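Good morning, and thank you for coming. I would like to introduce a structure that may be new to many of you.

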Amino acid sequence: MKNAVEIQGLTKLYGKLLALDHVSFSVSEGSLFGLIGPDGAGKTTLYQILTTLLNPDDGTATVAGLDVVKDYRKLRTEIGYMPEKFSLYPDLTVDENLHFFASLFGVDVKENFDLIAPIFGQLNKFPNRRAGALSGGMKQKLALSCALIHRPKVLLLDEPTTGVDAVSRSEFWDMLAALKANGITILVSTSYMDEAERCERIALINRGRILDVNSPGILIAGMDKNLYNATAKDMYPLLETLRTFPDVKDCYTFGATLHVVTNDGFNSDDAIGRLRHEGLADARIWPAKGTIEDLFIKLADKDG
């Protein structure tokens, strides 16, 4: 299978700040690929290079077979880009924004409307509403429609679900699955670790470096071993106490519980007994299911 995106040794400096440190990975044609990492990891810098808005200081990158530096003019017609911040014209209406972006690429809205019709959905009901007056979820759908109106080969989405409610987030990922079924290659970045599981392959990025690349299932295989949940009424004393146990390698907040990473010699019953002796009478410990977030914490700790 051919690769729609090829990145080799990509490096970018802002003065003394190393934003990208020899980043390398590839994205297969027609796949849904996730770039997963926290704010400041280098995701947006990478996207700005892939969309020809920045030049790298070292390394190479091709998108849809075109070099991001040498072929930047042609490449811009082959990609769709949705930046993190809403970038449409707030004073233009829904209809005006869509037709404006179609005109930039020399295409007709009717010609390509079949691709965006499932996404556009309720926007059809208020074509004359100004984009700035739309809800977060509707802005997201309009921005995605504008990025797709010229039928790009590769769709680049930079943290598209930031600030969007949980229902809209889920709907958005369903839309991406439908676009993938239409043969569009999608590279999407996110700081939401739970979204990683919606991708076929992911790259974990931190401080400008790629920590690992593979399918979510392969990456978290074996993460359940020596991983436990822990709770108590007084969570902070529980956290501090568990970190003193010799068989506890790491302990951190995970939603409403703690996740405890242990050595092979860890015994949960013995640990509960010791916690109760320390005054945490309601402490509970039980096996946990490993996630991408657990893996990221582990890899980032090693990287530090």
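I shall speak about one pair of packed helices and then about salt bridges. Please keep in mind that this is a predicted model.

Let me begin with the helices. Two packed helices are described by the angle between their axes and by the distance between those axes. Here the pair consists of helix H3, residues 94–104, and helix H4, residues 109–120. Their packing angle is about 130 degrees, and the axes lie 12 Å apart. H3 is therefore oblique to H4, since an angle counts as roughly antiparallel when it is over 145 degrees and as roughly perpendicular from 65 to 115. The crossing of H3 past H4 is right-handed.

Which residues meet where H3 and H4 are in contact? From H3 come Val94, Leu98, His99 and Ala102, and from H4 come Val109, Phe113, Ile116 and Phe120. In this contact, 7 residues are nonpolar, 1 is polar and none is charged.

I now turn to the salt bridges. How many does a search of the whole structure find? The number is 13, and I shall present some of them.

One salt bridge is formed by the side chains of Asp57 and Lys12, at 3.9 Å from N to O. Asp57 belongs to the loop between helix H1 (43–50) and strand S4 (58–63), whereas Lys12 belongs to strand S1 (residues 3–14), so this pair ties together parts that are 45 residues apart in sequence. Is each partner buried or exposed? Asp57 is partly exposed, with a relative accessible area of 46%, while Lys12, at 11%, counts as buried, because the limit for burial is under 20%.

Another salt bridge joins the side chains of Glu78 and Lys153, at 3.8 Å from N to O. Glu78 sits in the loop between helix H2 (72–75) and strand S6 (79–82), and Lys153 in the loop between helix H5 (136–148) and strand S7 (154–158), so the parts tied together are 75 residues apart in sequence. Glu78 counts as buried at 17% relative accessibility, and Lys153 as partly exposed at 49%.

A further salt bridge links the side chains of Glu240 and Arg243, with 3.9 Å from N to O. Glu240 is partly exposed at 35% relative accessibility, and Arg243 is partly exposed too, at 45%.

Finally, Arg169, Asp194 and Glu195 are joined into one network by salt bridges that share partners. Thank you for your attention.

Notes
Residues numbered from 1 in each chain as written. Predicted model: local features only at pLDDT ≥ 70, side-chain atom pairs only at ≥ 80, totals over all residues. Heavy atoms only, no water. Axes fitted to C-alpha atoms, helices over the stretch in contact; angles between N-to-C directions. Helix = DSSP H or I, 4+ residues; strand = E, 2+ residues; numbered from the N terminus. Parallel < 35°, antiparallel > 145°, perpendicular 65-115°, else oblique. Left-handed = near helix turned anticlockwise from the far one by under 90°. Contact = heavy atoms within 4.5 Å. Nonpolar A, V, L, I, M, F, W, Y, C, P; charged D, E, K, R; others polar. Salt bridge = Lys/Arg side-chain N within 4 Å of Asp/Glu carboxyl O. Buried < 20%, exposed > 50% of the residue type's maximum accessible area, 1.4 Å probe, protein only.
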